[in-house]
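Subject: Handover of a structure, with findings

Dear colleague,

I am passing on to you the structure shown below. Please look through it first, and then read the notes that follow, which deal with its cysteines and its internal spaces.

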Amino acid sequence: MKRIGVTGHRDIPPEALAHVQAVMKAALCGHEGAMEALSSLAEGADQLFAGIALDCGAELTVVIPSGDYEEGFADPEALACYRRLKGRASQEVRMGYPHSTDEAYYAAGAYIADHCDRLIAVWDGRPARGLGGTGDIVRYARERGTPVTVIWRHGVERS
């Protein structure tokens, strides 16, 4: 079974979204054989990746950073999407953190990088804005030798 994980920004600018979706779809839908997708289902890249992976027939493994993870969703639509996708997961892995902290997010990202054959990173190439951000997980994956596919639209800036 091929295992593909995701890390990425929660805020994907509208001018990058179609490009990100197309590249994700090409990466996830063109495989022969069974595939497992690993995601923490955060708003943005994680949820987009999980939905496309499920549509492509992958099994979804959800990596939950903390016991209060759901409380961090300020947007009701993102929370509803999280719950929907989580309900379709074939496996759930919970990190041992009671509260959503940068350390919990880093642990979840590192778990995904440790358990995938390839990491897809929806990343603008800039340093992480906090421990466990996309830049940190890309660096961690590369240091351990996990292949990383970066998806971003050249010239697009995040706010």
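A disulfide joins C29 to C56, with a sulfur-to-sulfur distance of 1.6 Å. Please bear in mind that this is a predicted model. A disulfide is a covalent bond between the sulfur atoms of two cysteines. The bond between C29 and C56 connects distant parts of the chain, for the two residues are 27 residues apart. C29 belongs to helix α1, residues 14–29, while C56 sits in the loop between α2 (45–55) and β3 (59–66). Both partners are partly exposed: C29 has a relative accessibility of 36%, and C56 has a relative accessible area of 23%.

The count of disulfides comes to 1. Why do C81 and C116 not form a bond of this kind? A disulfide requires two cysteine sulfur atoms within 2.5 Å. The cysteine sulfur closest to that of C81 is in C56, and because the distance is 15 Å, it is too far for a bond. The sulfur of C116 also has its closest cysteine sulfur in C56, and at 17 Å this is likewise too far for a bond. C81 counts as buried, with 17% relative accessibility, and C116 is buried as well, with a relative accessible area of 7%.

I turn next to the enclosed space. The count comes to 1 cavity of 30 Å³ or more, and the largest cavity holds about 30 Å³ of space. Which residues line the largest cavity? They are R10, Y69, G72, F73 and Y105. By class, this lining consists of 3 nonpolar residues, 1 polar residue and 1 charged residue.

The last topic is the open space. About 490 Å³ lies in the largest pocket, whose lining is made up of 30 residues. Among these, G8, R10, G132, G133 and T134 lie nearest the centre of the pocket. R10 therefore deserves a second look when you view the structure, since R10 is named in the lining of the largest cavity and in that of the largest pocket.

Which elements each supply at least two residues of the pocket lining? They are β1 (2–8), α4 (102–114) and α5 (134–144). The largest share comes from α4, with 5 residues. Sorted by class, the lining of the largest pocket has 12 nonpolar, 10 polar and 8 charged residues.

With kind regards,
Your colleague

Terms used. Residues numbered from 1 in each chain as written. Predicted model: local features only at pLDDT ≥ 70, side-chain atom pairs only at ≥ 80, totals over all residues. Heavy atoms only, no water. Helix = DSSP H or I, 4+ residues; strand = E, 2+ residues; numbered from the N terminus. Buried < 20%, exposed > 50% of the residue type's maximum accessible area, 1.4 Å probe, protein only. 1 Å grid on protein atoms, 1.4 Å probe; cavity = no way out; pocket = protein on both sides within 12 Å on 5 of 7 lines; lining within 4 Å. Points joined across faces, edges and corners; volume = space filled by probe spheres on them. Nonpolar A, V, L, I, M, F, W, Y, C, P; charged D, E, K, R; others polar.
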